[in-house]
Amino acid sequence: MKLVALAFLGVATVIFLAATLWPDPPAWVGYVKAAAEAGMVGALADWFAVTALFRRPLGLPIPHTAIIPTKKDVLGESLGEFVGSNFLSESVVRERLRRVGVAARLGGWLAEPDNAERVTSELATVVRGAVTVLRDEDVQAVMEQAVVSRIVAVPWGPPLGKLLERVFADGSHHKLVDLMCDRAYEWVKGNYDQVMGVVSNRAPSWSPKFFDSLVADKVYGEVLSFAWAVKTDVNHPMRLALDKFLGEFAGDLQRDPKVMERAEQVKQQVLEHSEVQNLIGSAWSTAKKMLLDAAEDPSSELRTRVRAGLMTLGARLVSDESLRAKADSWVEGAAAYVVLNYRDEITTLITDTVQRWDAEETSRKIELQVGRDLQFIRINGTVVGALAGLVIYTVAQLIT
């Protein structure tokens, strides 16, 4: 394009020289000469203007030339201010997001199985990366500090008493009591010799053996009958007494200082037990292995549920107008918060980036991007100058 623009100047120059050197020219040659002369002036003026944007014309230190290299930093600051004022204002961001309809588009996109699978895969990659980067000893230390310290700090008695009180009030413990009664009856039924041995061993030495056997057999029968009655009768006095005891125990855990203190002692014994310490220490390792295995396996329960959840969320965002409006408000609020609090940092990124650019290289890159259009300015200058010169010369001729 530079060659084309230069060719226009060359043509105008050749015409001007031909008209000037024409011996005894006819009248119309003056019009041609004036047009060519004005075209040369216009071409040279626009060449100077275009060139002055990027470099000093002919290398001469003419003021207000090489504008882009010398004013690069100022241009960067102006660009940053322009972007901050016109693109990073809260009203502009909110209006743009409102027109886009982020929630509806995101919902339609997530509702597609392939897209939900893609997001799930990306989330799995993030999880793998995060879990791999974390040091086991650091995570275990945090878990011990955050979890164990809280367990130690909070008394067990009152909350445990409230929990048991609700369980006992609902009768949810009756199945456990039934199981215990069943096991007790089965044990008595299956351990006749042991029961007989206990009774016989406690009999006096002077008591006849056959009498001891009769007594032991009678005792065994009574114990077996008692166990059967407790097992089969839900209103048995033993069961009622157990319910009463459990209710009182739940109340004591909340109000009796001695019972509460004993609960704290049990808590300390449990936490200080070696098996519990090993469980706490290995909790992260176990959780880490489970997360990595689930993230690696596309058919794992975790990834399947995440994928299904994403598709369900996408379908709801498309069909549920209230949820869609709420999601859009969240997005707008988050974007507005970022714009209001970090606009200066974003615009500073633009200005700092421009400042780090090499002045000559920057000028060269900009010239390559817009130079083709700027060369049309030179061409237009030649043509418009020639027409203007022709008009001026014609007017002058008519006046004189």
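Which residues line the largest pocket? I started there, working from a predicted model.

**Entry 1: the largest pocket**

I looked up the volume of the largest pocket and got about 180 Å³. Its lining consists of Val 177, Met 180, Cys 181, Ala 184, Phe 226, Ala 227, Val 230, Met 238, Arg 239 and Leu 242. I then asked which elements give two or more residues to this lining. They are helix 10 (174–190), helix 12 (209–232) and helix 13 (237–255). Helix 10 gives the most, with 4 residues. I sorted the lining by class next. I noted 9 nonpolar residues, no polar ones and 1 charged. The charged class takes in Arg, and Arg 239 is on the lining list.

**Entry 2: the second largest pocket**

I moved on to the second largest pocket. Its volume is about 150 Å³. I listed its lining as Ile 68, Lys 72, Leu 75, Gly 76, Leu 79, Val 354, Trp 357, Thr 362 and Ile 366. Which elements give two or more residues here? I found helix 4 (72–86) and helix 18 (359–399). Helix 4 supplies the largest share of this lining, 4 residues. By class, I noted 6 nonpolar, 2 polar and 1 charged. Gly counts as polar in this scheme, and Gly 76 is one of the lining residues.

**Entry 3: side by side**

I set the two linings next to each other. The largest pocket has no polar residues in its lining, whereas the second largest has 2. Each lining has 1 charged residue. Helix 10 gives 4 residues to the largest pocket, and helix 4 gives 4 to the second largest.

Note on methods: Residues numbered from 1 in each chain as written. Predicted model: local features only at pLDDT ≥ 70, side-chain atom pairs only at ≥ 80, totals over all residues. Heavy atoms only, no water. 1 Å grid on protein atoms, 1.4 Å probe; cavity = no way out; pocket = protein on both sides within 12 Å on 5 of 7 lines; lining within 4 Å. Points joined across faces, edges and corners; volume = space filled by probe spheres on them.
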